[in-house]
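Take a moment to look over the sequence and the 3D structure before reading on. The paragraphs below go through them one part after another.

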Amino acid sequence: MSDRIFVSGNNAVARGAIQAGCKYFFGYPITPQSEIPEYMSRELPKIGGVFVQSESESGSIYMVYGGGLAGERIMTSTSSPGFSLMAEGISYLAETEIPAVIVNVMRMGPGIGTGGQGGQTDYLQVTKGCGHGGYRAIVLAPASCQEIFDLMQVAFFLADKYRTPVLLVTDFILGQMDEPIELRTLEFEPLPKKDWALTGKEKRGGNRAAHIAAFFTYGGVVNYHMKQIEKYKEIKKAEVRYETYMAEDCDLLIVAYGSSARIARGAVDMGRNKGLKLGLLRPITLWPFPAEQISQLSSKVQKVLVVEDSQGQLIEDVEASIKTSVPVHLLGMWARHNTGGGGIIHPERIIEEVEKINGK
Amino acid sequence: MENNVPDLKKITGRPKLRTDFPGMYCPGCHYGIIARLLCEVIEELGIEGKAIGLAGVGCSFGGMPLTIDVDWTSCPHGRAPAMATAIKRIHPDATVFTVQGDGDLGAIGLGCFMNALGRGENLTTVFLNNAVYGTTGGQMAPTTLLGMKTTTTPLGRELKTSGYPLHIPELAATMKGVSYSARCTVHTPANFQKARKALKIAFQKQLNGIGYSLVEFVSACPPGWGLNPLDCLDFISEKMLKEYPLGEFKNVDSLD
Ligand code: SF4
């Protein structure tokens, strides 16, 4: 039997990465994710790994880029303002198809936002290609400490499998809360050797590896995009992840991800006790988005309610997924019980909204 | 048929590491000479199997990787030292070096570079100073001389609005994590030989595991300077070297 321990979501990020064989971490302090670099600085040297505290998130992402080119499993973590600084580097990772895992423990923005306050205000940024040039990165959105631990392993696998940056997003609530997790090792299919990695050419029998920008390659940047389009199709076909809860017979389907989905799940139970037929669909991959599944479920319900701790971002993808005229409602950050640092959307508030929508 | 050709002995030729890819530089550019020097020094030290190069944004971005037969990556503007940091930490036996121009290293990447020096990374940087942004069409660089005309200093660089030329090896020499810092040129045969020595010492420092080593090349950019290649040589002797004196600014065998 594997060990069970009690850890925070941030701790689960770090432990999940090490479980996946990541020995190199490059990061910069920012609230509310600093427990991740702190843990890595303590633990990686013990296993022969390397922790480097960079001078900025820009420094971190380019160390990650170098580390990915060197052929190792590498990662960094940050929070929203730092993620914006990393966006440029993620664009380069996408361009040269270098695997890397980047964790964004979101805090409410824009601008400096607030380190001590949750929020899901980076949805559009993480899902639409956060840097320049029009690329996609796989985005994983866990909703519990166990899922964070597991999806970190999935993230490294997918990054290597598709040679792509993989983003994992949590938030203040998920990062700071403690839950028991089982330290299990997930099994994955074997991956090809990284024969493209920079190691010095003697390790490749004298054949050098050279990574020069897409525009220097045959067919140039357009050719690069054509290749990516095919890759994205493959990812969309194989990697969509989502979870449903009581969605089979529901009248009103709630769509929520991450910490909001935990709260929405509580609201589904609460509503069912009151005779409200609520159900939940929780996207686990924000890209590729479970559009097909939302489309199918929404065709069987009377109403859809998107719950997200932002001004309304996830709702754009939900609306784009739905092919019928079923009404789509939004419950956003204004539904928090207060506007201060500790404000959250309570399940009771979701029920209140459902009743309002139902015209009670 | 009788062979009348006397026994020929090959006394020089293209370095083994110089690929077949044609040079991409303008006539009179010194980057091709510096690339040759890099090939020669890497061969002499026998490190071609371990060498990993990182080219910054500028005319060396594709030029160096395509013409020197070792492992390479091109890098985003100014970020080569951060990328090199990770590569060296992961492969400590590799010889990791960056080739960066004055805009790449001295402007957009100065913070990244200084922080790598501050950490005392065991890396080598070849800094190409031709006092202009060549690739983007001849704009002002941090190393542009006062009074020098560029496309963004049409009346000549003015102190009042654009500040002072930047002295990278002198600056690097003040950093504790630096083992070697020098400036050279390849604009005369004698200087080419001195540059070879400097470059060799710089790589040797890395092989000995001592901190960061840096060599600046004051280098010609005929289109950027609006001069023909021969006049560029005079411009280097008469103008560039007045502002940028040649020599070693630091050479230590251990860091304090
Ligand atoms: S623009 Fe200047 S630096 Fe660039 S290749 Fe031409 S001469 Fe060399």
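How many bridges join strand S9 of chain A to S2(B), and do these strands run parallel or antiparallel? In this predicted model, S9, made of residues 210–211 of chain A, is joined to S2(B) by 2 bridges, and the strands run parallel. Within this pairing, A:His211 stands opposite B:Thr73, a residue of S2(B).

The pairing brings us to the contact between the chains, to which chain B contributes 34 residues and chain A contributes 35 residues. The size of an interface is often given as the accessible area lost when the parts come together. Between chain B and chain A the buried area is about 2,700 Å², and carbon and sulfur atoms give 62% of that area.

Polar and charged groups also take part, since 5 salt bridges are counted between chain B and chain A, and one salt bridge joins the side chains of A:Arg204 and B:Asp71, with 2.6 Å from N to O. There are also 21 residue pairs in polar contact between chain B and chain A, counted where both residues have pLDDT 80 or more. On the side of chain B that touches chain A, the elements giving two or more residues include strand S1 (51–55), strand S2 (71–74) and helix H3 (80–90) of chain B, and H3(B) gives the most, with 7 residues. Sorted by class, that side of chain B has 17 nonpolar, 10 polar and 7 charged residues.

Finally, we turn to the ligand, which is surrounded by residues of chain B, among them B:Tyr25, B:Cys26, B:Cys59, B:Asn130 and B:Pro222. The shell around the ligand divides into 8 nonpolar and 2 polar residues, with no charged ones.

How values were computed: Residues numbered from 1 in each chain as written. Chains lettered and ligands numbered in written order. Predicted model: local features only at pLDDT ≥ 70, side-chain atom pairs only at ≥ 80, totals over all residues. Heavy atoms only, no water. Near = heavy atom within 4 Å. Nonpolar A, V, L, I, M, F, W, Y, C, P; charged D, E, K, R; others polar. Contact = heavy atoms within 4.5 Å. Buried area = accessible area lost by both parts, 1.4 Å probe. Salt bridge = Lys/Arg side-chain N within 4 Å of Asp/Glu carboxyl O. Polar contact = N/O pair within 3.5 Å; in protein donor to acceptor, adjacent residues only side chain to side chain. Helix = DSSP H or I, 4+ residues; strand = E, 2+ residues; numbered from the N terminus. Pairing = 2+ DSSP bridges.
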